[in-house]
Amino acid sequence: MSIPYYHTIGKEIQAFEHAYTCKIPFLLKGPTGTGKSRFIERMAYVLNTKLITISCHEETSSTDLIGRFIIKGAETIWLDGPLTTAVKEGSILYLDEIAEARPDVIVAIHSLTDHRRELFIDKLGQTIKAHKDFMLVASFNPGYQRGFKELKPSTRQRFVAFSFAYPAAKVEVEILESETQIDVSIAKKLVNIGTKIRNLTELGLTETVSTRLLVDAAKLIHTGLPKRLAVHVAVIEPLTDDLEVIQALKDLSDLMI
Ligand code: ADP
């Protein structure tokens with residue numbers, strides 16, 4: 001695998017390297033599509049360590065993470081879950097969108113996120129000590145608007161944290177160019193559209209234009225889709241289902257590209 005492309009946005013690499021040395025759990029905060037997953041892929045690559053990613057959703061339980069008994073032929077055998085595997089082999093476990101997971105997940109990781117660094121496997125009645133290289137990383141979308149789950153202070157304070165935000169325009173243009181080989185003039189126009197929509201806070205969008213959406217639009221344009229259509233389907237439609245808002249944003253973006 002080649003080195004994952006990641007454009008630094010601040011002092012996150014420095015902070016992460018030290019947290020990794022100390023094996024302090026690390027929380028990546030920020031809206032969707034701001035490079036959190038790409039960042040951790042890059043860090044795992046650079047630190048030459050395995051990364052296990054779990055995309056948490058409302059059904060994700062501690063059993064999914066720790067492991068379960070399964071029936072194989074006439075036998076019942078134990079199967080380690082991804083958290084147990086990471087704890088044993090010393091990988092980075094990345095819990096993407098940790099606040100979405102069921103509360104028992106938070107309980108399960110508690111003893112791993114303090115000085116004990118151990119995992120209790122209740123179904124086996126065992127406690128295992130984490131490998132020296134094990135590290136827990138999680139992402140969380142603070143979502144200042146409705147519809148997002150909170151993370152309790154008692155959980156948050158077990159992590160060192162870094163906030164990811166939409167990159168500065170110049171950086172975002174570079175990201176679009178690197179990700180899609182698109183012409184710089186088109187990349188600039190896409191970033192201008194993104195910035196403009198982000199500033200329209202009165203629209204009350206749950207989430208606004210992420211770098212991911214702009215990258216998608218750039219990819220479609222690069223493969224020959226007309227520019228305006230690419231912006232409509234990749235940037236505007238994913239943002240909202242409100243027909244009036246969609247139309248207003250289409251009119252706006254058509255003037256800009
Ligand atoms: P998140 O995990 O925050 O939802 P991702 O890491 O999946 O977001 O980023 C979404 C996409 O946006 C990536 O696939 C990449 O194309 C692009 N991207 C966003 N930020 C960066 C960055 N700082 N460096 C490189 N690519 C980025």
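**Helix packing from α7 to α11, and the ligand**

Okay, let's start in the middle of things: on the α9 side, Leu213, Leu214, Asp216, Ala217, Leu220 and Ile221 meet Lys227, Ala230, Val233, Ala234 and Val235 of α10. Sort that contact by class and you get 9 nonpolar residues, 2 charged and no polar ones. Before I go on, keep in mind that this is a predicted model.

So how do those two helices sit? The usual way to describe two packed helices is by the angle between their axes and the distance between the axes. For α9 and α10, which covers residues 227-236, the axes come within 9 Å and cross at roughly 145°. The crossing of α9 past α10 is right-handed.

Now stay on α10 and look at what else touches that helix. Arg228, Val231, His232 and Ile236 of α10 are in contact with Ile246, Leu249, Lys250, Ser253 and Asp254 of α11. Here the class count reads 4 nonpolar, 2 polar and 3 charged. Helix α11 runs over residues 243-256, and its axis comes within 10 Å of the α10 axis, with a crossing of roughly 140°. That angle is why we call α10 and α11 oblique to each other. The handedness of this crossing is right-handed.

Let's go back to α9 and turn to its contact with α7. Helix α7 is residues 169-180 and α9 is residues 211-222; their axes come within 9 Å and cross at roughly 45°. So α7 is oblique to α9. Again, the crossing is right-handed. Who's touching whom? From α7 we have Glu172, Ile175, Leu176, Glu179 and Thr180, and from α9 there's Thr211, Leu214, Val215, Ala218, Lys219 and His222. In class terms, this contact has 5 nonpolar, 3 polar and 3 charged residues. Leu214, by the way, is on the list for α7 and also on the one for α10.

Hold on to Glu179, though, since this α7 residue touches α9 and also turns up at the ligand. Which residues come nearest to the ligand? There are 16 residues around the ligand, and the nearest are Gly33, Lys36, Ser37, Arg38 and Glu179. For Glu179, an N or O atom of the side chain is 2.4 Å from a ligand oxygen. Lys36 puts a polar side-chain atom 2.8 Å from an oxygen atom of the ligand. With Thr34 the backbone is involved: one of its N or O atoms there lies 3.1 Å from a ligand oxygen.

That's what I had on the helices and the ligand.

Terms used: Residues are numbered from 1 along each chain as its sequence is written. This is a predicted model: local features need pLDDT of at least 70, side-chain atom pairs count only at pLDDT 80 or more; totals for chains, interfaces and linings use all residues. Side-chain values use heavy atoms; hydrogens and water are left out. Axes are lines fitted to C-alpha atoms, for helices over the stretch in contact, and angles run from 0 to 180 degrees between N-to-C directions. Helices (H or I, at least four residues) and strands (E, at least two) are DSSP runs, numbered from the N terminus. Angles under 35 degrees count as roughly parallel, over 145 as roughly antiparallel, 65 to 115 as roughly perpendicular and the rest as oblique. A crossing is left-handed if the near helix is turned anticlockwise from the far one by less than a right angle, and right-handed if clockwise. Contact means heavy atoms within 4.5 Å. Ala, Val, Leu, Ile, Met, Phe, Trp, Tyr, Cys and Pro count as nonpolar, Asp, Glu, Lys and Arg as charged, and the others, Gly among them, as polar. A residue is near a molecule or strand if one of its heavy atoms lies within 4 Å of it. A polar contact is a pair of N or O atoms within 3.5 Å; within protein, one must be able to donate a hydrogen and the other to accept it, and residues adjacent in sequence count only if both atoms are side-chain atoms.
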